[in-house]
Every structure is written in C-alpha cells, then in structure tokens.
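Welcome! Let's take a friendly walk through this protein together, one region at a time.

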Amino acid sequence: MEKQFIALIDFSENSPGLLRQVETWCNHTGASLLLLHQADFVVPSRLEDRVREQVILQHQNEVEAEMRKLALETLQPTTKFVCITTQLNLADKLVKVMDEPHDYTIFAGLKGTGILKRLFVGSMVLNVVEKVDATLVALPTQADFMLPKRVQVAIGNKYPVNATALNNFLELLGDRVELLRFFHIATKDEPQARVLAHMKSLEKLFKDRFSTQVMLCEHDSPIDKMKDVVTAGGDDILVVQRGPRNLSDQLFRKFLTNELVYDGHVPLVVLP
C-alpha cells in the first residue's frame with residue numbers, strides 16, 4: 001500500500017523546520033507528501049450562498065498559494081507535494097482525506113512549551129490524536145533531528161500497545177533501528193506481572209527483526225526516571241499509546257507534559 005505523510009502546516013516559525021524533517025522521512029521511505037492547513041475564513045453572513053462559496057474558494061486558493069510558496073522555498077526541487085486548505089475541523093478533514101487506500105502518518109511540529117501546550121492541551125492536534133485513527137509523529141523543528149536509531153516504547157499499565165500500528169511505524173524506519181526498547185517505570189508497590197507479560201509478548205513479535213530490550217524498573221517518580229531512559233537531543237524517539245479515544249487520563253497527560261518533552265528535543269510518536 002502506498003505510504004502518504006500528512007504534514008500539518010500552521011505558517012508559524014516552526015513550519016520550515018517541520019517541512020525539512022518530513023522531507024527526510026519521505027526520502028527514506030518513498031512516501032508521498034500532503035501539506036494540510038486549517039484556515040479560519042471570516043465571511044459576512046449576509047452574503048448569498050453562491051457568493052459565499054466564491055469568497056471561500058478565493059481565500060483557499062490564496063492560502064494554498066502561500067503554502068506552495070513556503071514548500072518550494074524550503075524543500076528540494078525533486079520533492080513532490082500536494083497542498084490542501086480546509087475550513088473544516090482539522091480532524092474531520094483528515095478523516096475525509098484518509099478515505100483513500102493509503103498507509104497514512106501525520107506529522108506535526110514540536111518546539112518547547114508553547115507548541116506542546118497547543119499540541120496536547122485542548123488543541124486542534126489533540127483533537128486529531130483523539131479522533132483520527134492514524135499514527136502521529138511530532139518532530140523537533142529547531143534541531144537537525146534525523147531519523148532515529150533507538151525506538152523507546154513506553155508501556156502503560158492500562159492500555160496495551162497497538163502492535164499493528166507499531167509494526168507499521170517500525171517499517172518506516174527499517175534497518176535504521178539499532179535498538180527497540182519496551183520499558184515501564186513502575187511506582188512502588190505497583191503490580192508488575194501484567195505489564196511485564198505484555199512487554200515480553202511485544203519483544204517476541206519483533207525480536208527476529210530488531211535488537212530488542214525489555215526494561216522494567218521502579219522509581220518514586222516515573223517521570224523523572226524516564227529522563228534516564230530517553231535521551232533528549234540524541235537518536236531516540238519516544239513512542240506512547242493513545243488511550244481508547246480519551247487523552248484526558250491524567251497519567252497520560254503527565255507523561256506527555258514532562259519537561260523532557262516540553263523541551264521540544266525528544267521526537268514523540270502517538271500510536272492510535
């Protein structure tokens with residue numbers, strides 16, 4: 001199945017960095033590239049429907065021209081792309097776009113507290129994570145982050161990892177992966193048998209293709225301990241599992257908003 005990457009473009013200072021990062025992934029995987037922007041058009045309510053549609057179309061064409069200009073200035077001449085602007089809710093538009101039979105991955109930019117706050121606390125992208133059944137990759141845009149070599153999969157004690165989605169993501173990286181680690185950081189007196197069994201079952205699925213490792217440890221502050229596991233600014237990428245259409249789980253939010261990720265230096269993958 002053809003791979004397609006969808007980059008969420010907001011015309012912020014992070015957009016060129018995101019485009020360069022996604023281009024690297026496209027070159028490695030052969031995926032096609034679609035650039036998507038949600039625009040807010042203010043159209044006077046008194047206009048007739050026909051005139052309203054014309055005004056909206058004109059605005060869309062203007063924004064798409066800006067997005068095309070940004071891409072042409074940022075990407076290599078050989079990189080092909082398609083631009084789409086929508087007035088719809090971003091998640092709703094993605095569902096429509098993803099009707100085509102492709103293997104989709106969504107990319108968003110990651111930069112410090114500002115972006116993370118918009119990304120995971122009541123933002124459009126949070127809505128995407130909750131409603132769209134596709135893997136989201138959030139990449140640092142202020143550093144020359146290349147394809148990761150170590151994939152760090154955080155295992156929760158509530159929701160099992162979507163092994164199919166994880167496999168599809170790992171196939172994007174292929175032989176780039178030097179280490180696939182499944183880790184869980186337990187609090188004191190937390191039951192560990194089920195989590196350990198899940199990690200070992202995942203390791204069994206992937207150990208024939210990757211160098212795998214299972215890590216289970218205890219710490220009074222799992223969030224602090226995670227900083228020793230995942231290397232910021234290095235070759236690591238952090239993989240977490242979305243809950244069942246609900247990111248309001250406090251542990252998941254706390255996990256995502258720890259300072260390691262807040263710094264914007266650790267690439268983040270959210271599996272559907």
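A disulfide is a pair of cysteine sulfur atoms within 2.5 Å. The model you are looking at is a predicted one, and by that rule it has zero disulfides. Two of its cysteines are worth finding all the same. Cys26 counts as buried, because its relative accessibility is 7% and the cut-off for buried is under 20%. Cys83 is buried too, with a relative accessibility of 9%.

Next, look for strand S4, which covers residues 103-110. Seven of its eight residues are buried, so the strand is largely enclosed by the rest of the structure. Which strands pair with S4? One is strand S1 (residues 3-8), which runs parallel to S4 and is joined to it by five bridges. You can locate this pairing through Lys3, whose bridge partner in S4 is Asp103. Another is strand S5 (residues 135-140), also parallel to S4, with six bridges between the two. Here Ile106 is a good marker, since its bridge partner in S5 is Leu136.

Now turn to the helices. Helix H2 spans residues 49-74, 26 residues in total. From its first C-alpha to its last it reaches 37 Å, close to the expected 38 Å. Several of its residues are buried: Ile56, Gln60, Val63, Glu64, Met67, Leu70, Ala71 and Thr74. The spacing of such a list is easier to read with one rule in mind: an α-helix has 3.6 residues a turn, so residues three or four places apart point the same way. And what covers the buried residues of H2? The cover includes helix H1 (15-29), strand S2 (32-38) and strand S3 (82-86).

Helix H1 holds a charged residue to pause at, Glu23. Glu23 is buried, yet it has no salt bridge. The nearest side chain of opposite charge belongs to Arg20, 7.4 Å away, whereas a salt bridge needs a side-chain nitrogen of Lys or Arg within 4 Å of a carboxyl oxygen. Leaving aside residues up to four places away in sequence, Glu23 touches Leu75, Gln76 and Thr79.

Our last stop is Val153, in strand S6 (residues 150-154). Is Val153 buried or exposed? With a relative accessible area of 1%, Val153 is buried. Its contacts beyond four places in sequence are Val161, Leu166, Leu180, Arg181, Phe182, Phe183 and Val239. Val153 also shows how the chain brings distant parts together: Val240 is 87 residues from it in sequence, but the two C-alpha atoms are 6.2 Å apart in space.

Notes:
Residues numbered from 1 in each chain as written. Predicted model: local features only at pLDDT ≥ 70, side-chain atom pairs only at ≥ 80, totals over all residues. Heavy atoms only, no water. Helix = DSSP H or I, 4+ residues; strand = E, 2+ residues; numbered from the N terminus. Expected span 1.5 Å × (residues − 1). Buried < 20%, exposed > 50% of the residue type's maximum accessible area, 1.4 Å probe, protein only. Contact = heavy atoms within 4.5 Å. Lys, Arg positive; Asp, Glu negative; His and termini not counted. Pairing = 2+ DSSP bridges.
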